Amino acid sequence: MAMTELGYLRQVGRYNLAYHARLGRPLPDNVTISITRACQSRCLTCNCGSDTRKGLVKIGEELSLDEWLEIIGNIDWKLAFLTISGGEPSMSRNLEEVALAFAEQTRPDFVTIPTNALTPDLVLSKVERILDKSPSRITWHVNVSIDGKEAVHDQVRGVNGNFEKCLKTISGLIALRPRYPNLRVGVHTVVSTYTVNTIEETVKYFRGMPLDNHISEIAEERWELGTKGRSITPFEDYSRVIPFLKQALGDREEGRLRRGLRHSYYDFVGKWVREPEWQHIPCMAGVASCHISEKGYLTCCCVRWVAEGSFGNLRDANYDIKRLWHTDEANKVRRSIKRQECACPLASAAYSSMLMSPKTLIEIARDILW
């Protein structure tokens, strides 16, 4: 078991005391940021690209580089996980500077950057510049978003030729690995009503490539993506593909703990699609994890988002997460989550929640030992 995994497990007690007994309020070690909302895609499962084309994405209203550096400078604790999302992260002119500042200041064990790969040369140049200057101890996961093979992917993404650009981006990233041992190249597939029937074919296609990982997440309705009320979640069909996902997906050098976590996540989602009104493990969003929007809102997650999960705007708090973490507004959101007034399978929050769930940890330990 890696030391990073052991270090993360040591925090179980602190977060459980905060959640169950309201003793202390540890700061989050799993942070996701939306560096921009701009996107060139026309996805059936997200409105970021549609909002961009309609002129609803105002780059001038998004956090500037100086503002991001203020936020990062006030994070004086170590992160375990950092995800730099969007929109399409490569469309942000601040991507490299923000990513490197986070790496230097917060020393995350893992940084994940997803991409739609519509501009391979731009993506590759930005990733290379990050790797050139990054501390070698930081592991960078660059995940290319893939919904299916050729026609399926291009249909879901709404852009002809997107699949071929994904392949070009993957090839370019793999070519960088010999020079940068801390780069991990992966594929991320959203299992939606549009892709659930082709997920096995998709996974088998990419199994022949020298990828570091292939991961998946179920599509869901999110305020962040503008998909509330859209029927994109494959409630009836997802359970059918869970055994395949557990067997086929994962990391090339996956440890037993990570494999156990991944299996537990698919089992958790399987329970959720059958009973979507319940949190099947206590949700630690707003306790162990959080999300910073492109306009500076600190939220518990990207599902409740600014509409139902805001702790306040960092622009009004001297760009300091700690000033918003202990407010009445933050505690109000946490109480709502604890009362199970929401339930979802969001992977970034779910993995933190599983690591903080004694029941889940016992199940994982049983899976590892037996």
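This talk describes helix packing, the nonpolar cores and two buried residues in one predicted model.

Good morning, colleagues. Please keep in mind throughout that the structure is a prediction.

I begin with helix H5, which covers residues 95-106. Helix H4, residues 65-73, has an axis that comes within 10 Å of the axis of H5, and the two cross at roughly 15°. The angle is under 35 degrees, and H4 and H5 are therefore roughly parallel to each other. The crossing of H4 over H5 is right-handed. On the H4 side, the residues in contact are Leu65, Trp68, Leu69, Ile72 and Gly73, and they meet Glu97, Val98, Ala101, Phe102 and Gln105 of H5. By class, the residues of this contact are seven nonpolar, two polar and one charged.

H5 has a further helical partner, H6, which spans residues 120-133. Here the axes lie 10 Å apart and the packing angle is about 30°, which makes H5 roughly parallel to H6. H5 passes H6 in a right-handed crossing. From H5, the residues Leu95, Glu96, Ala99 and Leu100 take part, and from H6 they are met by Lys126, Arg129, Ile130 and Lys133. This contact divides into four nonpolar residues, no polar ones and four charged ones.

Let us stay in H5 for one residue, Ala103. Is Ala103 buried or exposed? Its relative accessible area is 0%, and burial is defined as under 20%, so Ala103 is buried. Beyond four places in sequence, Ala103 touches Pro108, Pro135, Arg137, Ile138 and Trp140. Ala103 also lies 9.9 Å from Lys78, C-alpha to C-alpha, with their positions 25 residues apart in sequence.

I turn now to the nonpolar cores. The largest of them has 68 residues. Which residues have the most contacts inside this core? They are Ile33, Trp68, Ile84, Phe102, Trp140, Ile292 and Leu298. Trp68 and Phe102 also appear among the residues of the contact between H4 and H5, and Trp140 is one of the residues that Ala103 touches.

Leu298 deserves a word of its own. Setting aside residues up to four places away in sequence, Leu298 touches Cys290, His291, Ile292, Gly309, Ser310, Phe311, Gly312, Leu314, Ile321, Leu324 and Trp325. Apart from the largest core lies another, of 29 residues, which includes Phe268, Met284, Ala288 and Ile364.

The second buried residue is Val31, in strand E1, residues 30-34. Its relative accessible area is 0%, so Val31 is buried. Which residue 260 places from Val31 in sequence lies 5.8 Å from it in space? That residue is His291, with the distance taken from C-alpha to C-alpha. Beyond its neighbours within four places in sequence, Val31 is in contact with Leu79, Phe81, Leu82, Thr83, Cys290 and Ile292. Cys290 and Ile292 are also among the residues touched by Leu298.

My last item is a helix pair with another geometry. Helix H7, residues 150-157, and helix H8, residues 162-176, pack at an angle of about 105°, their axes being 8 Å apart. An angle from 65 to 115 degrees counts as roughly perpendicular, and that makes H7 roughly perpendicular to H8. Glu150, His153, Asp154 and Arg157 in H7 meet Asn162, Phe163 and Cys166 in H8. The classes represented are two nonpolar, two polar and three charged residues.

Thank you for your attention.

Key
Residues are numbered from 1 along each chain as its sequence is written. This is a predicted model: local features need pLDDT of at least 70, side-chain atom pairs count only at pLDDT 80 or more; totals for chains, interfaces and linings use all residues. Side-chain values use heavy atoms; hydrogens and water are left out. Axes are lines fitted to C-alpha atoms, for helices over the stretch in contact, and angles run from 0 to 180 degrees between N-to-C directions. Helices (H or I, at least four residues) and strands (E, at least two) are DSSP runs, numbered from the N terminus. Angles under 35 degrees count as roughly parallel, over 145 as roughly antiparallel, 65 to 115 as roughly perpendicular and the rest as oblique. A crossing is left-handed if the near helix is turned anticlockwise from the far one by less than a right angle, and right-handed if clockwise. Contact means heavy atoms within 4.5 Å. Ala, Val, Leu, Ile, Met, Phe, Trp, Tyr, Cys and Pro count as nonpolar, Asp, Glu, Lys and Arg as charged, and the others, Gly among them, as polar. A nonpolar core is a set of buried Ala, Val, Leu, Ile, Met, Phe, Trp, Tyr and Cys residues joined through side-chain atoms within 4.5 Å. Buried means under 20% relative accessible area, exposed over 50%, partly exposed in between (1.4 Å probe, protein chains only).
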